[in-house]
Amino acid sequence: VAYIPGFQRFSGTFKSASGTIETTEIGPSETWNSIQYNFDLTGTKGTYKAFLLGRNLNSKTWDTLNVNLQPNTNLTGVNGSKYNYLKVYFSLADSSFGASEPLRLKTVQSNFTSLPEIAIAKNDLTFSPDSVLQGLSISASVKINNLGYSTADSLKVQFYLNGADSAFYSKSINLPADSAQTITTTLQTNSLVFSNNIKVVASLPSTEFYTFNNIVDNNFYVSKDSVKPKMSITFDGKEITNGDIISAKPKILI
């Protein structure tokens, strides 16, 4: 029997018996509360399985945290400091090959508390006054802003002078979300002269959105003390000259 080669064309449609759905990244989060999803199963013979994935902050990989995620799941056991991003992966199957309605994912919702966000701008660091005579004190004030969604606990604010490795002033505060606080310290200028620089660094023990805006610096000026002192001495309210007569017990004011 001779075989004649040829091409055959299928003009119909094909419905896959399986598929997957993966959500976008959910987060970042400081604490996780719960997650819910909803499928429309009307008229379908299909089945699905849901997996919860978490991005590991240390390894930067997506770890599988739950292989049988239920439609309403409590997430308080998920460590937000280790996994601050989550996503849900769905595996779907339908052996009816189109004889029933398809699976329809309607919603995926997550309840979580997002991160704090500390921000300091250049004009948030001010001096009063910004130029002083050597020997006089100067006040440095910095306004710390929390632009995030949760309280910044144990926020450490440190002041550094002229590039020193150790801070000359440090303070820890708790800064609520969407608020600001001003921290002021006084600096003596006895050993300072001309242009000087103060750098302020704010650091959190926990994660926040960004850290590039946690540092600010600004300059103040100290004028060298080159003016001779002018003394005024009075005896009983009057200035005297050599030879003047004064009382036996005068009140002397210098």
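Student: Where does Pro28 lie?

Tutor: In this predicted model, Pro28 belongs to the loop that runs between β1 and β2. The peptide bond that joins Gly27 to Pro28 is cis, with an omega of about 5°.

Student: Where is Pro129 found, and what kind of peptide bond joins Ser128 and Pro129?

Tutor: Pro129 is in the loop between β9 and β10 (131-133), and the bond from Ser128 to Pro129 is cis, with omega about -10°. As background, most peptide bonds are trans.

Student: Why does Asp124 count as buried?

Tutor: The cut-off for buried is under 20% relative accessible area, and Asp124 has 14% relative accessibility, so Asp124 counts as buried. Asp124 lies in the loop between β8 (118-119) and β9, and, leaving out residues up to four places away in sequence, it touches Ser141, Val142, Lys143 and Asn145.

Student: Is Asp178 buried, partly exposed or exposed, and how do you know?

Tutor: Exposed requires over 50%, and Asp178 has 68% relative accessibility, therefore Asp178 counts as exposed. Asp178 is placed in the loop between β13 and β14, and its phi is near 55°, which is a positive value in a residue other than glycine.

Student: What makes Asn162 count as it does, at 41% relative accessibility?

Tutor: The value of 41% falls between the limits of 20% and 50%, so Asn162 counts as partly exposed. Asn162 sits in the loop between β12 and β13, and although it is not a glycine, its phi is positive, at about 50°. Most residues other than glycine have a negative phi.

Student: What makes the pair of Phe39 and Phe90 an aromatic pair, and of which kind?

Tutor: Ring centres must lie within 6.5 Å for a pair, and planes over 60 degrees apart count as edge-to-face. The centres of Phe39 and Phe90 are 5.3 Å apart and their planes make an angle of 85°, so both conditions are met and the pair is edge-to-face. Phe39 lies in strand β2 (residues 31-40) and Phe90 in strand β6, so this pair ties together parts that are 51 residues apart in sequence. Phe39 and Phe90 are also both buried, and together with Tyr37 and Tyr48 they form one aromatic cluster. The structure holds 13 aromatic pairs.

Student: How do you know that the charged end of Lys199 sits over the ring of Tyr160?

Tutor: The distance from the ring centre has to be within 6 Å, with a further limit on the angle to the ring normal. The charged end of Lys199 is 5.3 Å from the centre of the Tyr160 ring, so the distance condition is met, and the charge is recorded as sitting over the ring. In a second case, Lys87 lies over the face of Trp62, at 4.3 Å from the ring centre.

Student: Why are strand β3 and strand β6 said to pair, and over how many bridges?

Tutor: At least two bridges are needed for pairing, and β3 (residues 47-56) shares nine bridges with β6 (residues 83-93), so the two strands pair, in the antiparallel sense. Within β6, Val88 stands opposite Leu52. As for what lies behind such pairing, strands of a sheet pair through backbone hydrogen bonds.

Student: What makes β1 and β4 edge strands?

Tutor: The open sheet of four strands has the order β1-β6-β3-β4 and antiparallel pairing. In this sheet β1 (18-22) and β4 (62-66) each pair on one side only, and they are the edge strands.

Student: Over how many bridges does β2 pair with strand β5, and in what sense?

Tutor: The two pair over three bridges in the antiparallel sense, β5 covering residues 72-74, and Gln36 stands opposite Asn72 in β5. β2 also pairs with strand β7 (residues 104-113), antiparallel and over nine bridges, where Thr31 has Thr113 as its bridge partner.

Student: Which residues of the largest nonpolar core touch the most other members?

Tutor: This core has 26 residues, and Val142, Ile144, Leu155, Ile198 and Phe220 are the ones that touch the most other members. The largest share of the core, five residues, is supplied by β12. Apart from it lies another core, of 16 residues, including Ile26 and Leu69.

Definitions and conventions:
Residues are numbered from 1 along each chain as its sequence is written. This is a predicted model: local features need pLDDT of at least 70, side-chain atom pairs count only at pLDDT 80 or more; totals for chains, interfaces and linings use all residues. Side-chain values use heavy atoms; hydrogens and water are left out. A nonpolar core is a set of buried Ala, Val, Leu, Ile, Met, Phe, Trp, Tyr and Cys residues joined through side-chain atoms within 4.5 Å. Buried means under 20% relative accessible area, exposed over 50%, partly exposed in between (1.4 Å probe, protein chains only). Rings of Phe, Tyr and Trp (its six-membered ring) pair if their centres lie within 6.5 Å; planes under 30 degrees apart count as stacked, over 60 as edge-to-face and the rest as tilted. A charge sits over a ring if NZ of Lys or CZ of Arg is within 6 Å of the ring centre and within 35 degrees of the ring normal. Contact means heavy atoms within 4.5 Å.
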